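Welcome! Have the model open beside you and try each exercise before reading its solution.

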Amino acid sequence: MISALSVLILSGAATLANAACSATINSLSDVADAVKCTSITLNGFTVPAGQGLSLSLASGTTVTMNGDISFGNKSWDGPLFTVRSVVIDFRHVSNLCSLFHFSAVNGNGHKFDGGGPFYWDGQGINGGTQKPDPMMKIKISGTFEKVKVVNSPGRVFSVSNPAALTMTDLTIDNSQGDAPNSLSGGKAAGHNTDGFDVSSNNLIIQNSLPFHMKDDCLAINKGTNIVFQGNSCTGGHGISIGSIDSDVTVSGIVISGNTITNNDQALRIKTKSSSTGSTVSNVTYSGNTATGIRQFGILIDESYPDTLGTPGTGVIISGINFGSPATTISVNSDAQKVAVNCGKNACTGTWNWSNLKVSGGVSVPLNSQCSGALVNKFTTDIAVAVNCTTVILNGFTVPAGQGLTLNLKTGTTVTMSSSCLSLIGDCISRFFIFSDGDISFGNLSWVGPLFTVSGKSITFNGNGHIFDGGGPFYWDGLGGNGGVVKPAPMMKIKISGVYANVTVVNSPTRVYSVSNPAPLVMTDLIIDNSQGDVPNDQSNGLAAGHNTDGFDCSTTDLIIQNSLCAICTQKFKKDDCLAINKGSNIVFQNNTCINGHGISVGSIDSNVVVSGVVISRNTIIENDQALRIKTKALATNSTVTNITYAVGNAV
């Protein structure tokens, strides 16, 4: 009796025996018999219109081209050419045999001509004439080499190899589609002629002659362990990952040593704004050279199909790095160097861009708001960032005994990271570290301040993130009157414009010193020194925190408003909520002050003017005083005038 196992083994052996023959294909009628052999010669012929050449190869087959293949013209959906492996799988037969699925296709420099001019109408696969798409469907493992493709109606290669595949020494030439024709309305006739659409694992595309197309040179839609190296891309949309759809993984991508000439972008990652459940990770660019870039040197955009629109949040991008040797990109004079547009919490991890060099692009005047940088570390990024007018301030710890100082250009916008990044322009930070956006300070007894920001017409948005002054290290119940030397003030604000949505906790002593050079609005702030309410080992039974005034103001044209205990409380502060030492046109409104020393004008020193102060609609809870004006007994030649406590202060 012959067992089922024996039948399977004998059947497989017979198949392999039949495959050990040679065949020649001169027309479609030869294909059915030829694919039973493992050595096939593909001679030149024309495939009839409306039909495709499809080779389902036995495992281990070698196909050698000996002539050019063309295709008759007919509007249909294609593909024009398909090659796939037929796998004989004995893996479940106690490993008696190996799995064979290797095929080799050698074009010997011969070409597949898709007859593009018949189809091209400037609309690509988005409309107009129905076009065979893709032209070439590659579903083998092994090698595919020395093939030339010209005049593809739509996309050229669709690659979904079942196991490891190397594609090498290929040429794509759709240059005939550069010019308009009678159907294209003045646009280039060829469109959507992507080079490689890849949904695959374990793929190498390398060492190929110019790919001349009218869309992405490479578009990785999903897959892992993909290498694109030593290739040349001309006249298209550059090298892309995406567009990324839902429930997709892209990881382990190497883009290396490619030449990118006269493309819209050099390197791009694009994800659909509606996509969910997808990841793009571990992408390395190295040694690429790009010139004549028309729109963006680097474009990372989570708003596709829009460009730099509202980004989605359903695709998580991480580990996007530029390794050695450096990638060098030259963009045209009206192009942007870099654009990164990530949704909230959708870009994560550390991105090392130290080996990216981008030149050219739109000239950026000093007051422009189109250039950006990120501050991720105390020393290495600040010098770069303050030369830019868009600054992303990510979370990090400032070393002990040092302060974070930002001397900003006029018109700068500073955003504390909310893991929602929109970076457009030509100031490129060396590292992107997507984090929680909070700033802390190492502990050392010194004079401070811990943070200083200066500049005119500044927009500073904290996004609710925290500056943590490390107060418990310093607090001894003496405040600024003795004991441990404490950084004071913690926050020195010397900007005009808007300062908003910042939380300060654990200030060693006074929180804000404000001396704005022109009108400033400070709004939606929180101060929380509640950890200083209780005694500690140094405070002799007193509350450990002391002299943690909220705002010390020596300024004009200042509004402080809409802040929750802008300096507050036994739960939030341990001194004046507001202390106006000098200045005019100061408004303090809609704030809450709890358990401190109340709202004060003073203490007033000699030769000081305070005038035009409005204290309005504040809530003052359990303070030593509600409203106070205090002048030093020895002060001379000073005036305090025109102080209005307006409607709505509640005590």
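The exercises below deal with salt bridges and a surface patch.

This is a predicted model, in which local features need pLDDT of at least 70, side-chain atom pairs count only at pLDDT 80 or more, and totals for chains, interfaces and linings use all residues. Residues are numbered from 1 along each chain as its sequence is written, and side-chain values use heavy atoms, with hydrogens and water left out.

**Exercise 1.** Find out where the salt-bridge partners Asp-264 and Arg-294 lie, and how accessible each one is.

*Solution.*
- Step 1: a salt bridge is a side-chain nitrogen of Lys or Arg within 4 Å of a carboxyl oxygen of Asp or Glu; this pair meets at 2.7 Å, N to O.
- Step 2: Asp-264 sits in the loop between strands S23 (259-261) and S24 (265-272), and Arg-294 in the loop between S26 (289-293) and S27 (296-304), so the bridge ties together parts 30 residues apart in sequence. Strands (E, at least two residues) are DSSP runs, numbered from the N terminus.
- Step 3: buried means under 20% relative accessible area, exposed over 50%, and partly exposed in between (1.4 Å probe, protein chains only).
- Step 4: Asp-264 is buried because its relative accessibility is 14%, whereas Arg-294, at 34%, is partly exposed.

**Exercise 2.** Work through the salt bridge between Lys-632 and Asp-605 in the same way.

*Solution.*
- Step 1: the N to O distance is 3.4 Å.
- Step 2: Lys-632 lies in the loop between S54 and S55 (639-645), Asp-605 in the loop between S51 (599-604) and S52 (609-616), so parts 27 residues apart in sequence are tied together.
- Step 3: Lys-632 is partly exposed at 42%, and Asp-605 is partly exposed at 37%.

Key:
Helices (H or I, at least four residues) and strands (E, at least two) are DSSP runs, numbered from the N terminus.
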